Amino acid sequence: MPEYKQRKIELTPKRYEDGTWRCPYRIFEFRSTCWGYHKECPVRTFASRRSASAVALKEAKCIVDSLDVPV
């Protein structure tokens, strides 16, 4: 499970019957009193597991970056 800016990102690539791949992901964050997570999945399908995972990780990192915007 990759870690990015003190948050863990769980990638779960899945292959469909037509041979395409999608990669849902979860971003876990540990808060002061509890933990929470964000669950998403890229909209597109991909020809390989590697490309699906790479796009999902990139998208997850963008979400983490948006969570760290200073107030």
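This passage describes the nonpolar core, the salt bridges and selected residue contacts of a predicted model.

The largest nonpolar core comprises 10 residues, namely I9, W21, C23, Y25, I27, F46, A52, A56, A60 and V64. Two or more residues of this core come from each of the elements β5 (25–30) and α1 (49–67). The largest contribution is that of α1, which supplies four residues. In soluble globular proteins, nonpolar side chains tend to be buried together. Within the core, A60 illustrates how residues separated in sequence are brought into contact: when neighbours within four places in sequence are left aside, A60 is in contact with I9, Y25 and I27.

Charged side chains were examined next. The structure holds four salt bridges, of which three are described here: K8 with E3, K5 with D65, and E29 with R7. Side chains of opposite charge can pair when their charged atoms come close.

In the pair formed by K8 and E3, the closest N and O atoms are 3.0 Å apart. K8 has a relative accessible area of 31% and is therefore partly exposed. E3, by contrast, counts as exposed because its relative accessibility is 52%, the threshold for this class being over 50%.

The salt bridge between K5 and D65 has its closest N and O atoms 2.8 Å apart. This pair links distant parts of the chain, with K5 placed in the loop between β1 (3–4) and β2 (7–11) and D65 placed in helix α1, 60 residues apart. Both partners fall in the intermediate class of accessibility: K5 is partly exposed, with a relative accessible area of 43%, and D65 is likewise partly exposed, at 31% relative accessibility.

A further salt bridge joins the side chains of E29 and R7, with an N to O distance of 3.1 Å. Because E29 belongs to strand β5 and R7 to strand β2, the pair ties together parts of the chain that are 22 residues apart in sequence. The two side chains are also joined by a polar contact of 3.1 Å. Both residues of this pair are buried, as the cut-off for that class is under 20% relative accessible area: the value for E29 is 11%, and that for R7 is 12%. The surroundings of E29 extend beyond its salt-bridge partner. Not counting residues up to four places away in sequence, E29 touches R7, C34, W35, G36, H38 and L67.

The final residue considered is E40, which is found in strand β6 (residues 35–40). With a relative accessibility of 41%, E40 counts as partly exposed, whereas E29 in strand β5 is buried at 11%. Once neighbours within four places in sequence are left aside, the contacts of E40 are with P24, Y25, E59 and I63. One of these residues, Y25, is also a member of the largest nonpolar core. The C-alpha atoms of E40 and Y4 are separated by 16 Å, the two residues being 36 residues apart along the chain.

How values were computed. Residues are numbered from 1 along each chain as its sequence is written. This is a predicted model: local features need pLDDT of at least 70, side-chain atom pairs count only at pLDDT 80 or more; totals for chains, interfaces and linings use all residues. Side-chain values use heavy atoms; hydrogens and water are left out. A nonpolar core is a set of buried Ala, Val, Leu, Ile, Met, Phe, Trp, Tyr and Cys residues joined through side-chain atoms within 4.5 Å. Buried means under 20% relative accessible area, exposed over 50%, partly exposed in between (1.4 Å probe, protein chains only). Contact means heavy atoms within 4.5 Å. A polar contact is a pair of N or O atoms within 3.5 Å; within protein, one must be able to donate a hydrogen and the other to accept it, and residues adjacent in sequence count only if both atoms are side-chain atoms.
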